[in-house]
Amino acid sequence: MTSVNADVSATATAQKPIYQDESRPVEERVEDALLRLTLEEKVALCHAQSKFSTPGVARLGIPELWMSDGPHGVRAEISWNSWDYAGWTNDRITAFPALTALAATWNTDLAALYGKSVGEEARYRRKDVLLGPGVNIYRTPLNGRNFEYMGEDPFLAGEMVVPYIQELQKNGVAACVKHFALNNQEKWRGNVNVTLSDRALYEIYLPAFRRAVVDGKAWAVMGAYNKIWGGHCCHNSRLLNDILRGEWHFDGAVITDWGGAHDTREAALNGLDIEMGSFTNGLTSDSGSTYDEYYLASPYLRMLQSGEVSLSTVDAKARNILRLIFRTAMNTRKPFGSVASPEHYAAAKSIADESIVLLKNDGLLPLSPERYRRVLVVGENAVKMLNEGGGSSELKVKDMFSPLEALREVYDEVVYAPGYKSGRFAYDVEDVIPEEVQAELRREAVELAKDADAVIYIGGLNKNAFQDCESTDRYTYSLPFCQDELITELAAVNPNIVVANISGNAYAMPWLDRVPAVLQIWYLGTMIGPAIADVISGRVNPSGKLPFSFPRRLEDCGAHSFGAEAYPGVEGEAAGNAAADLEGADVNVGRDPQEVYAEDILVGYRWHDTKNVPAMFAFGHGLSYTCFAYGSARLSSDVLSDAGSITVSVPVTNTGSRAGKETVQLYLSELNAVVPRPAKELKGFVKLSLEPGETKEAVFTIGVDALKYFDAEAHAWIAQPGAFRALIGSASDDVRASADFVYK
Ligand code: GLC
């Protein structure tokens, strides 16, 4: 036991120890606590003591840190030392809409409300760290976890994540933004080595994380499972020391994804603070010494004691962890929180309402309950508990109001037919339902559709493996479970069909021309039913906009235009060849799968617009039950110089007969760029609420930063003097006004 500093201990007896005195600056408290810790206590802070907690320092009254998933709500209590649920009866909570839904609202006020509400539930459940939000960029529609993230554009994701984190942390609960970085797929997530240009890294994949840290002030960051530059993200010096701490001045704690640590020396030196969920070195979970054998446990202590690694490494970790503890577990001024309150249900409903995207409407919607009295509801997702499954973000809800129940409240006579079966949840194998079973369910639904005034189809993906689910990617862009046949056959017998699919990913729509109305619904949690019923019936006017593109075909997506090497990557010998071919790539050419982000900066609409491959539904697309007219764009000046900024404004009028909300989007385009640049990039948005006949100005401020691209050689953001165009529109493929200006 290293003796504590005698002076400090003498002082401590005279008054409250500094580290416990919340009136003192946090850094003073950190240094005071650090002086009191033994080496063993510092090391103990750096790794798990259970599935979801780390030890504090009982001797000093420094409490344990308790963590919980996830981004959409507080996960049910997990057992101490296994992935089994603990079987508590007091951990039912509100399931908030998935973060893709939040992104689809394009409403930063709702992002703040979301963070406040989910933070109150985490606080009430006595959690110190909420393992979310996730801001990995949507690169491929096959990624099983896209539903947890905020879409394909770094500006939108950044704008939405900041208020979520700020409000969440006001509850004394740390946000743990994840998965840092380049965890853009689930296939081979544990070791795929991603190679990409620094330009793509800085322009596409880092910005939302940077906003979360620099503007959101996130108190924790979770390292991703995968590799970049040949090293695991959870202890990757360039990612964590150079970028996160060096460039962004992050002062929080870096936590591994569960099992993301793989090497003691790297973990000691490369910026990791807390090791969670390691599967250890082959020890079973029953071993009493499991946690002692963590990479940052005894092996690390031995390295410190032998001098193989400097004591400064554990002091740096302990400082970051103590700072996190003082902000959370030892923060006595935090509110008390609440769970499943009317306020939280109202918040979940508001977010759900504004997230639903009206993709197509030939006039059938809103579906008047007066006119369409006998309605057939088809689809398993009308009744399925979609908050269950999907991986670590799954939730045990207090309430779940299903779409079928809610529709029965609105329409006089509602008949239900499943139309298909999705089979049980299973990671190991796709539980394929026999074709004849699907055919019989389909026949039954089609028969009933003949007699209905209208059909509401609620299908889509679900949280089964190989659907929208952690640890697995989809293996097809098509809807599963024979749904395309079902929708086609329903539309053939009843033209009044609304397709309201639920998913966290884009998917093919071979039946699109045969149906008059399509809604994109996200995993909306507790309030999913009332939200769907209110939009379909017209009580709520939809105002969501797509946070990611819907390609017509998978091969129209950038990530799927360069062969297996670009997705999902290649392994074995092919990996060796691929890696060896990469110019100067510092990759571990071993057994790890190798993946090259060959589409580079052209992700999502950047690909569709620049390569002139129109999407089926574009990023930013979303219709309304009313109409909006845009006037001309006016610039405050057509010259932008370094020091200043200019504004561009466009009047927007609600020319319809009912109130509505329109998200007006600003894109910028460099007209004669000296480097390859996307055709346009989102640089601003504003959501206007307009009464019938009302006009409001959408006003955007453009500063030099909005013009910049990342110059990898100079390792700097550069704005080239020259001509630029401001494009203002209702979607990335629906520009309504533009204005040119010059940067000098
Ligand atoms: C999982 C997920 C991560 C989650 C953690 C704890 O593997 O990747 O998002 O927070 O483990 O469940």
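Let me start with the ligand. In this predicted model, 15 residues surround the ligand. The closest are D69, R145, H179, Y225 and D257. If you sort the shell around the ligand by class, you get six nonpolar, two polar and seven charged residues.

Now the individual polar contacts. D69 has a polar side-chain atom 2.5 Å from an oxygen atom of the ligand. For H179, a polar side-chain atom lies 2.7 Å from a ligand oxygen. R189 also places a polar side-chain atom by a ligand oxygen, here at 3.3 Å. How much of the ligand's accessible area does the protein cover? On its own the ligand has 310 Å² of accessible area, and the protein covers 97% of that. As for where the ligand sits, that is the second largest pocket.

Please keep D69 and H179 in mind, as both come up again in the backbone.

First, a general remark. Most peptide bonds are trans, and most residues other than glycine have a negative phi. There are three places to show you against that background.

The bond between D69 and G70 is a cis peptide bond, with omega at about -10°. D69 is the residue with the 2.5 Å contact to the ligand. Its partner in that bond, G70, is found in the loop that runs between strand 2, residues 65–68, and helix 4, residues 99–105.

Next, K178 and H179 are joined by a cis peptide bond as well, with omega at about -5°. Where is H179 in the fold? H179 lies in strand 4, which covers residues 174–180. This is the histidine whose side chain has a polar atom 2.7 Å from an oxygen of the ligand.

The third place concerns phi. A340 is not a glycine, yet its phi is positive, at about 50°. You will find A340 in the loop between helix 12, residues 311–327, and helix 13, residues 342–355.

Now to the sheets; I will show two.

One is an open sheet of four strands, in the order 8-7-5-16, and the pairing is mixed. Which strands form the edges? They are strand 8, at 231–232, and strand 16, at 594–596, and each of them pairs on one side only. Strand 5, residues 193–195, runs parallel to strand 16, and three bridges join them. To find that pair on the screen, look for N193, which stands opposite Q594 in strand 16.

The other is an open sheet of five strands, ordered 19-27-26-21-22, again with mixed pairing. Its edge strands are strand 19, at 639–640, and strand 22, at 681–690, each pairing on one side only. Strand 19 pairs with strand 27, residues 734–743, in the parallel sense, over two bridges. The residues to look for here are L640 and, opposite it in strand 27, Y743.

To go back to the ligand before we stop: D69 and H179 are among the closest residues to it. D69 is joined to G70 by a cis peptide bond, and H179 is joined to K178 by one.

Definitions and conventions
Residues are numbered from 1 along each chain as its sequence is written. This is a predicted model: local features need pLDDT of at least 70, side-chain atom pairs count only at pLDDT 80 or more; totals for chains, interfaces and linings use all residues. Side-chain values use heavy atoms; hydrogens and water are left out. A residue is near a molecule or strand if one of its heavy atoms lies within 4 Å of it. A polar contact is a pair of N or O atoms within 3.5 Å; within protein, one must be able to donate a hydrogen and the other to accept it, and residues adjacent in sequence count only if both atoms are side-chain atoms. Accessible areas come from the Shrake-Rupley method with a 1.4 Å probe; for residues, only the protein chains shown count as cover. On a 1 Å grid over the protein atoms alone, a cavity is a set of points where a 1.4 Å probe fits but cannot get out, and a pocket is an open set with protein on both sides within 12 Å along at least five of seven lines; lining residues have an atom within 4 Å of a point. A molecule sits in a cavity or pocket if more than half of its atoms lie within 2 Å of its grid points. Ala, Val, Leu, Ile, Met, Phe, Trp, Tyr, Cys and Pro count as nonpolar, Asp, Glu, Lys and Arg as charged, and the others, Gly among them, as polar. Two strands pair if DSSP finds at least two bridges between them.
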